[in-house]
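Q: Please take a close look at the surface of this model and follow it inward, step by step. I would like to understand how the pieces are placed and how they are connected.

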Amino acid sequence: MRDPGRPDPGLRASDADRDRVADLLGQALAEGRLTPEEHAERVAEAFRARTVGELDPLVRDLPGGHRQRAAASPYGLAPDRPTAALPPYPDENVVAVFSAALRKGRWRAGRRIHAYAVFGSVEIDLSEALFEYQQVVVKAFSLFGHVEVTVPENVSLRGTGGGVLGQFEVDSLDAEDPDAPVVYVDGWAVLGNVEARPRRGRTVADILDRVRRTAERGLRGRHNR
C-alpha cells in the first residue's frame, strides 16, 4: 500500500519540486556525496522530469531525499518554498564577472531573477521595485564574489542555500499582510558571499497598483460574461 503521507508518484511535478531536488543535489555535491559528473547528470534529469515519481530516484540515496515537499505553515506564514509555477527561464539575468552589476530603483520585478557574481559583485535592490507577482525567486550564485539582495520591510523573505568555504545568509522575514509579496533567495556561495535582508523604512511600492489591477481584472471579467 502506498504511504498516504507521500505524494502520488504520478503527480505532475512543479517547479518547486524540481528546485527542491536541485537544492538537495547541490548540497550533496558540496558534501562530496556526488561527483561533479553525477551532479550534472542528475540535475539535468531533474529539470526534465514531468512527475514526482521521476524525481524521487534522483535523491533516494541522499540525506533528506525522503522529506516531504514543503507546505504552507499552519500559522499562516509564508511557505518555505514557492508554490506558484515559475517560468522555465529567468525574467532577468544580472551578471558581474570581474565587475559590478546593480539593479535598483523603480523597476518591475519578474517571477524569476538570476544573479551571478564571479570575481565581482551583484546588488539586487527590491526596496523600490514594483511587485507584479506575489512570489519572486532570486537564484543567486557567487564564486569569489558577492551577491546582495535587499527587500522592502513589509514583504516576506525566505532563503534556501549554502556556502562552500563561503557564506550564505538570509534574514527570514514574515509580513503581517498574508497577501504581501514573498521573495525567495536560493543559491550557493563558493568562496564568496550571498546575503539578503530587508531595508528598514522601505515598504513595497505597488500595494495600490495591485489593488487597482485586481479591480480592473474583476471589471473585465464582468464585461466578458
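**From the surface inward**

A: Glu 37 is exposed, because its relative accessible area is 59%; exposed stands for over 50% relative accessible area, buried for under 20%, and partly exposed for what lies in between, with a 1.4 Å probe and protein chains only. The model is a predicted one, in which local features need pLDDT of at least 70 and side-chain atom pairs count only at pLDDT 80 or more, while totals for chains, interfaces and linings use all residues. Residues are numbered from 1 along each chain as its sequence is written, and side-chain values use heavy atoms, with hydrogens and water left out.

Glu 37 belongs to helix 2, which covers residues 36-48; helices (H or I, at least four residues) and strands (E, at least two) are DSSP runs numbered from the N terminus. Together with Glu 38, Glu 41 and Glu 45, Glu 37 makes up a negative patch on the surface. A patch takes in residues with over 30% relative accessible area and no salt bridge, joining like charges within 9 Å and nonpolar side chains (Val, Leu, Ile, Met, Phe, Trp, Tyr) within 5 Å. Lys and Arg count as positive and Asp and Glu as negative, with His and the chain ends not counted, and a charge is placed at NZ of Lys, CZ of Arg, CG of Asp or CD of Glu.

A nonpolar patch is also found on the surface, formed by Val 95, Val 97, Phe 98, Tyr 116, Phe 119, Phe 141, Phe 144, Leu 165 and Leu 191, which together have about 890 Å² of accessible area, a value from the Shrake-Rupley method with a 1.4 Å probe, in which only the protein chains shown count as cover for residues. One of these residues, Phe 119, sits in the loop between strand 4 (112-118) and strand 5 (121-125), and Phe 119 counts as partly exposed because its relative accessibility is 40%.

From the surface we can turn to the strands. Strand 11 (residues 182-190) has seven of its nine residues buried, so the rest of the structure largely encloses it. Strand 7 (residues 135-143) runs parallel to strand 11, joined to it by nine bridges, and strand 9 (residues 156-164) likewise pairs with strand 11 in the parallel sense over nine bridges; strands are said to pair if DSSP finds at least two bridges between them. Val 185 of strand 11 is the bridge partner of Val 138, and Val 185 is also the bridge partner of Gly 159.

Strand 10 (residues 167-170) shows an alternation of side chains, in which Phe 168 and Val 170 point to one face and are buried, whereas Gln 167 and Glu 169 point to the other face and are not. Four bridges pair strand 10 with strand 12 (residues 193-199) in the parallel sense, and Glu 169 stands opposite Glu 195 of strand 12.

Next come the salt bridges. Side chains of opposite charge can pair when their charged atoms come close. A salt bridge here requires a side-chain nitrogen of Lys or Arg within 4 Å of a carboxyl oxygen of Asp or Glu, and by this rule the count is 10.

Arg 108 and Glu 132 form a salt bridge in which the closest N and O atoms are 3.0 Å apart. Arg 108 is in strand 3 (residues 108-109) and Glu 132 in the loop between strand 6 (130-131) and strand 7, so this pair ties together parts that are 24 residues apart in sequence. Arg 108 is partly exposed at 48% relative accessible area, and Glu 132 is partly exposed at 36%.

Arg 199 and Asp 125 meet in a salt bridge of 2.9 Å, N to O. Because Arg 199 lies in strand 12 and Asp 125 in strand 5, this pair ties together parts that are 74 residues apart in sequence. Arg 199 is partly exposed, with a relative accessible area of 29%, whereas Asp 125 is buried at 3%.

Lys 139 forms a salt bridge with Asp 186, with 3.5 Å between the closest N and O atoms. Lys 139 lies in strand 7 and Asp 186 in strand 11, so the pair ties together parts that are 47 residues apart in sequence. Lys 139 and Asp 186 are buried, and salt bridges that share partners join Arg 81, Lys 139 and Asp 186 into one network.
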